[in-house]
Each structure stands twice: as C-alpha cells, then as structure tokens.
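Student: I have not seen this structure before. Please show it to me, and then I will ask about it.

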Amino acid sequence: MAAPTFPALLLSAVLLLLLLPPPPGAEAVWLELPPSGTKCVSEEIQPNVVVLADYAIMYESHPTSHPTVAVKVTSPYGNTVHHNENATTGQFAFTTSEAGNYLACFWIDSAEKGSGTSLNLDWKIGIAAKDWDTIAKKEKIEGVELELRKLEAAVESIHHNLLYLKAREADMRTVSEKTNSRVAWFSILSLGVCIVVSVLQLWHLQGFFRKKKLI
C-alpha cells in the first residue's frame, strides 16, 4: 500500500480544521442591562487558560441615554480578577489559576440610567484568545502553515479538555463511592440500633409481665 503524499496529508489537515468546532468563548455576547440590577455571564474554565475579553456599550440601541457601567469579574473562589467603574468600553485579560465558573457581572453605575442600555461582550478563551496575526508576523508563517498551527493548537486544546473531563469524572466517581460507602455504613448502623432497641423493648416487656404475674 502506497504511503499518502504530502498534498493528501495537507488536504486532510485542512478538512479536519474546517470540521473542528469553533473554540469555546470565541463568540460575542449581547447583554441588555436594566436601569437597576445586575446582568452576569459565567464560563466554566480550566486552570492555566488565557482569558481575553472586550466589552463596550452599544449606544445605538438606546440613543436617548448615555450611561456608564461597572464590571466585576470573579474567580470560582470569589477572588476579584477585574474591576472597573464608570466605563463605556474596557478589556480584561488574565490567566486562570482555579478551575470552575468565572463570573462577569455588569450594571449601570451612572446617575443617568434611562431605560437601560446594551453591552457587547467579546469573551475569548484559550486558543481563541491568541493573537494569530502577531504570531504569524513574529514566526514569519502564513497561509496553510498558519492554519496548520491553528489546527495543532485546537487539537491540543481538545486533548487538554478531554484530560480535564477525565480527571473530573474520576473525582466524581471517588466522591460517589465514598458517599455510597457512608450510606451503607449508616444503614448498617441504623439496622443495628433498631435490633438493639427491639431486644431492649422485648426484655422490658418480659420483665413487666413477670412482675404482674401475667406470664
């Protein structure tokens, strides 16, 4: 059987790149902020992942008012990773140190609230947060070679996600086994207590009946 040629391998790689799903968090989110209250979005992210987000008020949807917003981004353990006030546009970037849900909350903080406002949030995670144009210029790659680099990064990201899910599954299995073991021991203890109580009740009734000379 003849070995596949380089063009065939290249075509296969490009087709695989096209079939791969888009990176999570690579799409923009449109938020409608009420005059009072908070709107939040969350994303479950693994540790050691780069997060980059841009946000901006869309005045076109509410042309009669020009409020400002405050934003606060917190980690799964409640640590603040970004905080900004009186903003119309902004950006936050960080590398995650904890696994779990990262929460980004927005609210209108200006005196002028109007009927609310709209905010565009472009949240990018992992390979989607990479500046591929800068990488291409720095390493002097372009075209198919650049697409192959993106493909390699996407495959690596999927591999890390699978390892993360496998670790989570193992942790959940361990917790489930511990819970089942504790429930089994509690059931045995409860059964033992019931047997002891029944024996004591029987012994007490026998003594009572003998005292009353009923048996």
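Student: Which residues does the UniProt annotation "transmembrane region" cover?

Tutor: This is a predicted model, in which local features need pLDDT of at least 70, side-chain atom pairs count only at pLDDT 80 or more, and totals for chains, interfaces and linings use all residues. Residues are numbered from 1 along each chain as its sequence is written, and side-chain values use heavy atoms, without hydrogens and water. UniProt positions follow the numbering used here, feature names are shortened, and annotations may be inferred rather than shown by experiment. According to the unreviewed UniProt entry, the annotation covers residues 183–203.

Student: How far apart are the end C-alpha atoms of residues 183–203?

Tutor: The span is 100% helix and 0% strand, where helices (H or I, at least four residues) and strands (E, at least two) are DSSP runs numbered from the N terminus. Its end C-alpha atoms lie apart by 30 Å.

Student: How are the planes of the rings of tyrosine 55 and phenylalanine 106 arranged?

Tutor: Rings of Phe, Tyr and Trp (its six-membered ring) pair if their centres lie within 6.5 Å; planes under 30 degrees apart count as stacked, over 60 as edge-to-face and the rest as tilted. Here the centres are 5.6 Å apart and the planes stand at 65°, so the pair is edge-to-face.

Student: Which strands stand at the edges of the open sheet?

Tutor: Two strands pair if DSSP finds at least two bridges between them. The 4 strands run in the order β2-β7-β4-β5, with antiparallel pairing. Each edge strand has a single partner, so one side is left without a neighbour in the sheet; these strands are β2 and β5.
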